[in-house]
Amino acid sequence: MALVAIVGRPNVGKSTLFNRLVGMRQAIVDETAGVTRDRHYGKCEWCGTEFSVVDTGGYTSNSDDVFEDAIRRQVVIAVEEADVVLFMCEAQTGITDYDAEIADLLRRSKKPVVLCVNKVDTGEKMYDAYDFYGLGLGEVWTISAANGSGTGDLLDEIVKVLPKDVPEEEDHSDIPHIAIVGRPNVGKSSLTNALLGEERNIVTPVAGTTRDSISTYYNKFGHEFMLVDTAGMRKRAKVTEDLEFYSVLRAMRTIEHSDVCILMIDATLGMEAQDMNIFNIIQKNRKGCVIVVNKWDLFEKESNTMRDYTEALKARLAPFSDIPIVFTSVINKQRILEVLNAAAHVAENMTRRIPTSELNDAMLPEIENYPPPAWKGKYIKIKYVTQLPTRTPQFAFFCNLPQWVKDPYKRFLENKLRQHFDFTGCPIQVYTRAK
């Protein structure tokens with residue numbers, strides 16, 4: 001599928017246009033300049049032609065922004081991989097030094113360029129747009145990304161210059177979605193980049209570098225899934241800016257739409273209260289979970305340190321302690337393949353189906369040995385068990401008095417299910433039904 005890259009200096013409306021083209025509020029939009037940092041991909045369809053769109057950060061040079069170099073590299077990568085470049089400027093300010101610098105970069109790239117001038121909301125501003133012919137990039141298209149005027153003509157032009165022989169992209173909707181979540185600055189983007197073997201997401205020592213949830217298709221080492229890097233999630237009381245609020249909201253939405261979550265924690269800080277909050281969100285949404293203890297190279301070790309750390313972690317997570325725990329040092333690329341293997345194994349467990357006969361052969365003797373406690377002189381008899389046809393592992397136990405089977409006994413049933421069948425990393429739901 002052909003790829004169109006939206007480039008331009010900061011705050012000209014690239015993310016607003018991106019959201020309009022993909023038909024949803026996928027990229028965070030704020031009045032603050034420099035909101036977008038990483039490359040953000042989406043799909044657009046116009047008059048029967050489908051193509052991919054990539055939103056990029058604002059291209060700058062000699063600015064105060066600590067992310068300037070990293071954003072510029074991301075823009076250059078987007079231009080290199082694009083089939084068509086949509087260069088966006090702003091009518092009110094006219095041609096700036098940054099615009100001239102980007103135009104120079106695009107002329108050297110030899111890629112087809114569509115030049116559009118944004119924020120042309122009135123007829124008077126149309127005259128300001130004529131200045132942009134001075135960039136020497138051909139026809140100038142005037143639009144207003146906020147209200148949509150002029151975008152139809154712009155899309156007609158994009159479709160006209162798109163290459164016709166680009167192969168169709170495969171549909172990745174049915175493969176597992178794996179989200180990397182955690183507090184700020186634990187190494188989520190570093191892990192994504194290490195797994196992909198490229199600088200996909202910007203990494204700096206500054207907490208909160210990633211603002212959006214960035215999806216990437218992963219197909220290496222026999223694994224195939226969508227890998228989603230998310231913004232760091234801080235305590236709600238500490239989130240003061242609108243921008244960070246939206247970033248955290250996107251991260252929570254990513255958890256809801258994922259199949260497995262890789263929860264990253266800092267080895268030097270341990271499992272803190274905010275890590276537990278994120279873990280509880282994962283549990284509440286019934287998602288598979290892998291815990292990655294990163295920065296293990298900074299932790300002081302003695303004999304059996306890893307075993308003791310694992311036991312302390314499982315005690316903290318109780319009663320749901322059947323979770324794979326991987327100790328990594330992403331910066332040294334230590335055990336990062338184990339993270340993939342663990343996530344793939346949990347994704348497989350999430351879809352595991354146990355035949356009813358096998359389930360009853362394993363569970364009925366366990367129930368016979370340890371039946372549910374009697375209630376007011378009445379004995380509870382569980383007749384049989386079956387797995388429900390749901391996305392996550394859920395089981396129905398049929399008995400004569402389902403209302404008197406209490407939570408402690410349901411936990412016992414869950415533990416026995418885990419003992420007999422491999423559901424590592426998966427939440428299990430146990431229901432009692434009247435026979």
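# Exercises on a predicted model

Of the 47 residues in the largest nonpolar core, Leu191, Ile262, Val290, Phe397 and Leu417 touch the most other members. Helix 10 supplies the largest share of this core, eight residues. A second, separate core has 28 residues, including Val248, Met271, Ile323 and Phe327. The model is predicted, and the exercises below work through parts of it.

## Exercise 1. Surroundings of Leu417

Find which residues Leu417 contacts, leaving aside neighbours within four places in sequence.

Solution. Step one: list the contacts, which are Leu359, Met363, Phe395, Phe397, Phe423, Ile428 and Val430. Step two: place the elements around them. Helix 11 covers residues 356–369 and lies across strand 13 and strand 14. Helix 12 covers residues 407–420 and packs on the sheet, touching strand 13, strand 14 and strand 15. Step three: take the general tendency. In soluble globular proteins, nonpolar side chains tend to be buried together.

## Exercise 2. The three-stranded sheet

Work out the strand order of the open sheet of three strands, and which strands stand at its edges.

Solution. Step one: the order is 13-14-15, with mixed pairing. Step two: strand 13 (382–387) and strand 15 (429–434) each have a single partner strand, so these two are the edges and one side of each has no neighbour in the sheet. Step three: from one strand to the next, the twist averages 25 degrees. Step four: look at one pairing in detail. Strand 14 (residues 394–399) and strand 15 run parallel and are joined by six bridges; Cys399 stands opposite Ala434 in strand 15. Step five: add the helix directions. Helix 11 runs at about 140 degrees to strand 13, while the direction of helix 12 makes about 120 degrees with that of strand 15.

## Exercise 3. Two aromatic pairs

A search of the whole structure finds 14 aromatic pairs. Classify the pair formed by Tyr370 and Phe412, then the pair formed by Trp375 and Trp404.

Solution. Step one: a pair of aromatic rings is described by the distance of the centres and the angle of the planes. Step two: planes under 30 degrees apart count as stacked, over 60 as edge-to-face and the rest as tilted. Step three: the centres of the Tyr370 and Phe412 rings are 4.8 Å apart and the planes stand at 50 degrees, so this pair is tilted. Tyr370 is in the loop between helix 11 and strand 13, and Phe412 is in helix 12, so the pair ties together parts 42 residues apart in sequence. Tyr370 is partly exposed at 48% relative accessible area, whereas Phe412 counts as buried at 17%.

Step four: for Trp375 and Trp404, the centres are 5.1 Å apart and the planes at 15 degrees, so the pair is stacked. Trp375 lies in the loop between helix 11 and strand 13 and Trp404 in the loop between strand 14 and helix 12, so parts 29 residues apart in sequence are tied together. Trp375 is partly exposed, with 32% relative accessible area, and Trp404 is partly exposed, with 27%.

## Exercise 4. Two residues at 0%

Decide whether Ile291 and Thr328 are buried or exposed, and list what each touches beyond four places in sequence.

Solution. Step one: buried means under 20% relative accessible area. Step two: Ile291, in strand 11 (residues 288–294), has 0%, so Ile291 is buried. Ile291 touches Leu263, Met271, Leu313, Leu317, Ile323, Pro324, Ile325 and Val326. The C-alpha atoms of Ile291 and Leu313 are 9.7 Å apart, with their positions 22 residues apart along the chain. Step three: Thr328 sits in the loop between strand 12 (325–327) and helix 10. Thr328 also has 0%, so Thr328 is buried. The residues touched by Thr328 are Val292, Val293, Asn294, Lys295, Trp296, Gln334, Arg335 and Val339. Val339 is one of the buried residues of helix 10.

## Exercise 5. Partners of strand 9

Determine how strand 9 (residues 223–229) pairs with strand 7 and with strand 8, parallel or antiparallel.

Solution. Step one: strand 7 (residues 177–182) and strand 9 run parallel, joined by four bridges, and Ala179 stands opposite Val228. Step two: strand 8 (residues 214–220) and strand 9 run antiparallel, joined by seven bridges, with Lys220 and His223 as bridge partners. Step three: the hairpin of strand 8 and strand 9 has two residues between the strands, and Phe221 there takes a positive phi near 55 degrees. Step four: check the covering of strand 9, where six of seven residues are buried.

Definitions and conventions:
Residues numbered from 1 in each chain as written. Predicted model: local features only at pLDDT ≥ 70, side-chain atom pairs only at ≥ 80, totals over all residues. Heavy atoms only, no water. Pairing = 2+ DSSP bridges. Axes fitted to C-alpha atoms, helices over the stretch in contact; angles between N-to-C directions. Contact = heavy atoms within 4.5 Å. Buried < 20%, exposed > 50% of the residue type's maximum accessible area, 1.4 Å probe, protein only. Core = buried A, V, L, I, M, F, W, Y, C linked by side-chain atoms within 4.5 Å. Phe/Tyr/Trp six-rings, centres within 6.5 Å; stacked < 30°, edge-to-face > 60°.
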